[in-house]
Each structure stands twice: as structure tokens, then as C-alpha cells.
Amino acid sequence: METPNQHYDTVSDAPLYTIDWSDIENAENDYENYLDAIETFFKDDFENDTLEDEI
């Protein structure tokens, strides 16, 4: 079986995507929105759920 000629030590010209610690540290979480989304998900799931006995 032949091994392909691959050079893993080459450097790509594509820019690396990095995240600065200040971006993470200064991010504000919208917990109210998260809770509303979770509540809506479970509410919709409960309303659209069919019981096995009804099938």
C-alpha cells in the first residue's frame, strides 16, 4: 500500500481565527432571553405531544 506524499509541516496562508480574552470577559449574557426560549420550547413540546394511549 502506498503512502501519499503529504506535508503536514506547511504553513497555511489563511488567517487564523482567534478570540481575545476580553471578548469573552466582556460578553453580556441575556439569561432572560435564554429562559424564555427554554420555556417556549417545553411549552410547545408539551402542547404538541400526543400520549401513547391516544395513538
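Lys and Arg count as positive and Asp and Glu as negative, with His and the chain ends left uncounted, and this convention underlies the charged patch described below for what is a predicted model.

**View 1. A patch of negative charge on the surface of the predicted model.** The side chains of D30, E32, D36 and E39 gather on the surface as a patch of negative charge. One of these residues, D30, lies in the loop between α1, which spans 21-25, and α2, which spans 31-48. D30 counts as partly exposed because its relative accessibility is 42%, a value between the limits of 20% for buried and 50% for exposed.

**View 2. The aromatic pair of Y31 and Y34 in helix α2.** A search of the whole structure finds two aromatic pairs. Y31 and Y34 form an edge-to-face pair, with 6.3 Å from centre to centre and 75 degrees between the planes. Both residues lie in helix α2, where they are three residues apart, or about one turn of the helix. Y31 has a relative accessible area of 54% and therefore counts as exposed, whereas Y34, with a relative accessible area of 47%, is partly exposed.

**View 3. The aromatic pair of F41 and F42.** The ring centres of F41 and F42 lie 5.2 Å apart and their planes stand at 80 degrees, so this pair is edge-to-face. F41 and F42 are both exposed.

**View 4. A nonpolar patch on the surface.** Y31, Y34, L35, I38, F41 and F42 make a nonpolar surface patch of about 710 Å². The patch thus includes Y31 and Y34, which form an edge-to-face aromatic pair, together with F41 and F42, whose rings are also paired edge-to-face. Among the residues of the patch, Y31 has its place in helix α2.

**View 5. The protein chain as the setting for the close-ups.** The protein chain contains two helices and zero strands, and of its 55 residues 0% count as buried. About 6400 Å² of the protein chain is exposed, and carbon and sulfur atoms supply 52% of this area.

Terms used. Residues numbered from 1 in each chain as written. Predicted model: local features only at pLDDT ≥ 70, side-chain atom pairs only at ≥ 80, totals over all residues. Heavy atoms only, no water. Patch = residues over 30% accessible without salt bridge, like charges linked within 9 Å, V, L, I, M, F, W, Y side chains within 5 Å. Areas by Shrake-Rupley, 256 points an atom, 1.4 Å probe, with all protein chains shown as cover. Salt bridge = Lys/Arg side-chain N within 4 Å of Asp/Glu carboxyl O. Charge placed at Lys NZ, Arg CZ, Asp CG, Glu CD. Helix = DSSP H or I, 4+ residues; strand = E, 2+ residues; numbered from the N terminus. Buried < 20%, exposed > 50% of the residue type's maximum accessible area, 1.4 Å probe, protein only. Phe/Tyr/Trp six-rings, centres within 6.5 Å; stacked < 30°, edge-to-face > 60°.
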